[in-house]
Amino acid sequence: FPGAGTCYQQAKQVLHAAVPDRLHARERETGVIQQFLREHVCRRRPGSLYVSGAPGTGKTACMNRILLDCKDELAGSKTIVLNCMALSSPQAVFPATAQQLGLPAAAGREGVRKLQKHLTAQGPMVLLVLDELDQLESKGQDVLYTLFEWPRLPGSRLVLVGLANALDLIDRSLARLSAQLGGSPRLLHFPPYTREQLATILQERLGQVAGDPVLDTAALQFCARKVSAVSGDARKALDVCRRAVEVVELEVRSQTLLKPLPGGE
């Protein structure tokens with residue numbers, strides 16, 4: 001049992017939704033984002049990229065993996081990553097960004113003006129990654145318009161990458177950008193994972209655990225088929241398998257505790 005317990009712990013660990021060394025079935029999307037960062041951050045060309053996709057399709061994991069892998073290439077710039085879910089209001093994105101840039105605290109329009117002045121002055125390129133971007137929707141969409149218009153200002157050194165679930169956020173909420181010459185950000189969509197892709201992800205994760213498989217192939221295929229039919233959410237598939245391992249672990253522990261002692265009746 002001690003050996004089995006260790007293998008269950010290892011299985012649960014690899015099934016957590018951490019950033020893996022390699023993102024399966026996201027090679028195209030990874031290449032697009034890397035190329036965008038090289039063209040804009042490394043070559044000092046301001047611009048914006050909007051990444052859409054349902055929850056669990058790998059947007060955040062892909063972005064985090066790229067930032068790790070491209071750390072040396074981005075060393076000459078300032079990288080800021082904000083999760084907009086953690087902000088108290090859409091307008092809070094401006095002081096949060098200013099704080100990351102080491103600017104003095106300033107509230108309201110004055111703070112926005114000073115931040116804009118900083119981002120259009122001389123200095124290193126600024127890569128601003130905003131996860132859960134749809135949380136910044138507001139009356140009149142003034143926050144989103146301001147953010148996406150900044151890379152187009154003369155002298156701008158801002159490269160903006162926004163990640164959100166909604167596929168139509170730009171068309172629905174930022175129609176004015178489309179009407180402006182070169183105003184719309186570049187778009188990249190992450191499709192839901194297919195059954196085959198989910199099965200491969202699960203097998204690759206559990207393949208890191210030594211010894212006999214904790215969950216057999218048929219179980220993984222069943223999980224992948226069910227999750228792909230509903231959402232294609234890789235995090236959901238990982239959660240289901242992790243919960244299954246926990247159930248088996250509890251059953252094994254229970255059987256071990258109830259097992260009669262040697263020599264007993």
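Which residues of helix α3 are buried? Keep in mind that this is a predicted model, then look along residues 59–69: Lys-59, Cys-62, Met-63, Arg-65, Ile-66 and Leu-67 are the buried ones. And what covers them? The cover of the buried α3 residues includes helix α2 (27–42), and a whole run of strands takes part as well, among them β1 (47–53), β2 (78–83), β3 (126–131), β4 (158–164) and β5 (186–190).

Let's follow one of those strands, β3. How many of the six residues of β3 are buried? Six of the six are, so to speak, under cover. The burial applies to both faces of the strand. Val-126, Leu-128 and Leu-130 sit on one side, while Leu-127, Val-129 and Asp-131 sit on the other, and all are buried. That split fits a general habit: in a regular strand, side chains alternate between the two faces of the sheet. Notice that an aspartate, Asp-131, is part of this buried set.

Now for the partners of β3. With β2, the strand runs parallel, and six bridges join the two. If you want a spot to check in the viewer, find Ile-80, which stands opposite Leu-128 in β3. β3 also pairs with β4, again in the parallel sense, this time over five bridges. Here the place to look is Leu-130, with Gly-162 of β4 opposite. How does the chain get from β3 to β4? Helix α6 (residues 142–149) belongs with these two strands in a β-α-β unit, and that unit is right-handed.

Back to α3 and its cysteine. A disulfide is a covalent bond between the sulfur atoms of two cysteines. How many disulfides does the model have? The count comes to zero. Cys-62 is in no disulfide, and the nearest cysteine sulfur, in Cys-70, is 10 Å away. Cys-62 counts as buried because its relative accessibility is 0%. Cys-70 has a closest cysteine sulfur of its own, that of Cys-42, but at 7.6 Å the two are too far apart for a bond. Cys-70 counts as buried too, because its relative accessibility is 5%.

What about charged side chains? Side chains of opposite charge can pair when their charged atoms come close. The model has 16 salt bridges by count, and one of them is in α3 itself: Asp-69 and Arg-65 meet at 3.1 Å, N to O. The two lie four residues apart in the helix, about one turn. Their surroundings are not alike, though: Asp-69 is partly exposed because its relative accessibility is 48%, whereas Arg-65 is buried, with a relative accessible area of 15%.

Helix α5 (residues 108–119) has a pair with that four-residue spacing, about one turn, in Lys-114 and Glu-110. Their side chains meet in a salt bridge at 3.9 Å, N to O. Here Lys-114 counts as partly exposed at 42% relative accessibility, and Glu-110 is partly exposed as well, with 37% relative accessible area.

One more pair, Glu-196 and Arg-195, makes a salt bridge at 3.2 Å, N to O. Glu-196 is partly exposed, with a relative accessible area of 47%, and Arg-195 counts as partly exposed at 37% relative accessibility. Elsewhere, salt bridges that share partners link Lys-12, Glu-249 and Arg-253 into one network.

Note on methods. Residues numbered from 1 in each chain as written. Predicted model: local features only at pLDDT ≥ 70, side-chain atom pairs only at ≥ 80, totals over all residues. Heavy atoms only, no water. Buried < 20%, exposed > 50% of the residue type's maximum accessible area, 1.4 Å probe, protein only. Contact = heavy atoms within 4.5 Å. Pairing = 2+ DSSP bridges. Right-handed = clockwise from strand over helix to strand, strands pointing away. Disulfide = S-S within 2.5 Å. Salt bridge = Lys/Arg side-chain N within 4 Å of Asp/Glu carboxyl O.
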